[in-house]
Amino acid sequence: MTEKINIIIPKNNSIFIILILVFLLFSVVLYAFPLLFIFLFNNILGNLLLIAGVIIVGMMNFRLAFGLAAIFIILFQAFSLSKKSMSMSSSSTLEGFTEWSPDLKDKFLKFENTYNPNFQFDMNIIQQQASPEEVQYLLKNNKWPWSDSVKTMYQNAIMTNSIISIDPGVALDVAQTIYNETAVKELLSWNTKEGQFLLSGVTIGHTDGLPDNVNNIVRCGYNSGGDSLNDSVMEKIVNVGYDGINGSMIQNITPVDNADIPTLVPGFKFLKGDCNPCLALNDPANYSCPFSLNVGDGGEVSSIWKNLWGLNDSYNSNNNNSNNSNNNSKKDFPLLNELKNELDKAFITLQDNNTNATNATNATNATNATNATNATNATNATNGANGANDISSTNRDAITQSVIPFVDSNM
């Protein structure tokens with residue numbers, strides 16, 4: 001029996017046992033102090049200490065030193081491979097963009113501290129959203145490069161917003177100094193029906209006996225068995241009742257198969273087959289699951305989501321049908337439409353006449369005014385100009401504050 005054991009463990013097994021004990025002790029120390037592991041294997045000084053330790057042990061026992069050197073080499077190679085895989089995964093999250101140089105980062109931060117001192121920017125997220133070429137454009141032109149389609153969508157969003165009252169052109173100029181194109185696309189997308197559906201979900205029913213404002217919903221959530229940032233799935237949340245001990249709401253949360261979403265969500269329809277619509281919430285976002293949502297508007301896809309999903313004009317059929325219906329109504333009621341046009345022209349003409357009459361009266365008053373009155377008017381005009389300058393500087397701050405709530409997001 002002893003001879004069989006010695007096939008695995010040498011007869012002079014003291015060195016073998018020492019190596020095992022050293023390995024176990026080294027593993028425990030590294031587990032308790034992970035920063036020590038990083039220092040020893042990711043630092044030149046740490047590497048020199050390991051080499052010196054092996055040399056010292058070799059002076060006492062060559063075979064023991066050889067065993068330690070083998071263990072250190074294996075750990076060093078494992079650490080190098082792990083660091084390489086981490087760098088590859090982090091670079092893959094930059095969406096194909098080249099990482100910014102340190103000099104470019106410094107220039108960007110100086111620019112933002114000068115033009116947008118009240119904003120804080122997360123450099124990790126910014127580098128995922130914008131390429132170095134876009135940053136160079138920002139530094140040269142004092143604004144981010146936006147495509148014409150994104151400019152149009154942003155101006156339309158400002159014009160149709162019932163809370164913000166601001167000139168769309170001014171709002172565009174202010175926003176371009178703050179948000180890159182990728183960021184503003186995300187902001188625009190969350191303010192649409194598709195974005196609200198992904199963020200907040202929809203009501204699918206109500207549990208009897210619960211308050212009227214406590215509804216069962218279907219919305220995107222995170223898969224408990226996956227990555228908390230990149231494993232968003234559609235979930236069905238049913239409220240069961242209140243806990244008898246702490247009063248919290250008891251909920252049954254179950255994943256929803258992609259094929260069952262159109263059945264559960266009224267007006268929902270996949271445009272390119274069954275898929276996971278919650279992928280758009282991943283980080284980075286995955287826009288590979290287009291869908292339409294009919295909320296009483298015929299199911300027309302929002303412009304920003306057409307852009308993100310890469311859809312063409314073939315998905316504008318509903319909008320074209322509504323336009324055709326408007327054209328048909330004009331043909332069916334030509335007299336009413338002509339009457340409306342004439343009333344509009346009369347209203348504009350009346351406004352012009354009132355303006356001309358007011359101008360004529362002002363001209364007469366100006367002619368009959370005395371020199372003293374003119375001097376007083378000049379003084380008032382000067383004061384008014386000074387006040388206008390104060391108002392102009394104030395308007396810049398007001399414009400910024402009014403634009404930001406609409407397009408506020410973590411950068």
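A helix in this report is a DSSP run of H or I with at least four residues, and helices are numbered from the N terminus. The model described here is predicted.

**Overall make-up**

The protein chain has 411 residues, 30% of which count as buried. Its secondary structure consists of 17 helices and six strands. Of the contacts between residues at least 6 apart in sequence, 54% join residues at least 24 apart. The exposed area of the chain is about 26200 Å², and 57% of this is supplied by carbon and sulfur atoms.

**Nonpolar cores**

The largest nonpolar core contains 51 residues. Within this core, Phe108, Trp146, Tyr154 and Trp305 have the most contacts. The element that gives the most to the core is helix α9, residues 148–160, with five residues. A second core, separate from the largest one, has 14 residues, including Leu50, Val54, Leu68 and Ile71.

Tyr154 is part of helix α9. Tyr154 counts as buried because its relative accessibility is 0%, and the cut-off for buried is under 20%. The C-alpha atoms of Tyr154 and Leu187 are 9.7 Å apart, although 33 residues separate the two in sequence.

Which residues does Trp146 touch, leaving aside those up to four places away in sequence? They are Lys151, Tyr154, Leu172, Ala175, Gln176, Tyr179, Asn180, Glu181 and Val184. Tyr154 is thus both a contact of Trp146 and one of the residues with the most contacts inside the largest core.

**The loop between α8 and α9**

Asn142 sits in the loop that connects α8 (132–141) to α9. Its phi is near 65°, which is positive in a residue other than glycine. Most residues other than glycine have a negative phi. Asn142 counts as partly exposed because its relative accessible area is 32%, a value between the cut-offs of 20% and 50%. Trp144 belongs to this loop as well, and is buried.

**Aromatic pairs**

There are 13 aromatic pairs in the structure. Two of them are set out below.

| Pair | Distance between ring centres | Angle between planes | Class |
|---|---|---|---|
| Phe108 and Trp144 | 6.0 Å | 55° | tilted |
| Phe268 and Phe291 | 5.0 Å | 25° | stacked |

The pair of Phe108 and Trp144 links distant parts of the chain, 36 residues apart: Phe108 is in helix α6 (residues 102–115), while Trp144 is in the loop between α8 and α9. Phe108 is buried, as is Trp144. The planes of Phe268 and Phe291 are at 25°, so this pair is stacked; the cut-off for stacked is under 30 degrees. Phe268 is in strand β5 (residues 268–270) and Phe291 in strand β6 (residues 291–293), so this pair ties together parts 23 residues apart in sequence. Phe268 and Phe291 are both buried.

Phe268 and Phe291 also belong to one aromatic cluster, together with Trp190, Phe197, Phe270, Tyr287, Trp305 and Trp309. Of these, Trp305 is also among the residues with the most contacts inside the largest core.

In the loop that runs from β6 to α14 (303–309) is Val295. Val295 counts as exposed because its relative accessibility is 55%, and the cut-off for exposed is over 50%. Val295 and Pro266 are 29 residues apart in sequence, with 8.5 Å between their C-alpha atoms.

**The four-stranded sheet and helix α12**

Four strands form an open sheet in the order β1-β2-β3-β4, and their pairing is antiparallel. Which strands are at the edges? They are β1 (202–205) and β4 (249–255), each of which pairs on one side only. From one strand to the next, the twist averages 40°. Strand β1 is joined to β2 (residues 216–222) by three bridges, and the two strands run antiparallel. Thr203 has Ile217 in β2 as its bridge partner.

Helix α12, residues 193–200, lies across β1, β2 and β3 (232–242) and runs at about 85° to β2. Lys193, Glu194, Gly195, Phe197 and Leu198 of α12 are buried. Phe197 is also one of the members of the aromatic cluster. Just after α12 comes Gly201, which has a positive phi of about 80°.

Notes: Residues are numbered from 1 along each chain as its sequence is written. This is a predicted model: local features need pLDDT of at least 70, side-chain atom pairs count only at pLDDT 80 or more; totals for chains, interfaces and linings use all residues. Side-chain values use heavy atoms; hydrogens and water are left out. A nonpolar core is a set of buried Ala, Val, Leu, Ile, Met, Phe, Trp, Tyr and Cys residues joined through side-chain atoms within 4.5 Å. Buried means under 20% relative accessible area, exposed over 50%, partly exposed in between (1.4 Å probe, protein chains only). Contact means heavy atoms within 4.5 Å. Rings of Phe, Tyr and Trp (its six-membered ring) pair if their centres lie within 6.5 Å; planes under 30 degrees apart count as stacked, over 60 as edge-to-face and the rest as tilted. Two strands pair if DSSP finds at least two bridges between them. Axes are lines fitted to C-alpha atoms, for helices over the stretch in contact, and angles run from 0 to 180 degrees between N-to-C directions. Accessible areas come from the Shrake-Rupley method with a 1.4 Å probe; for residues, only the protein chains shown count as cover.
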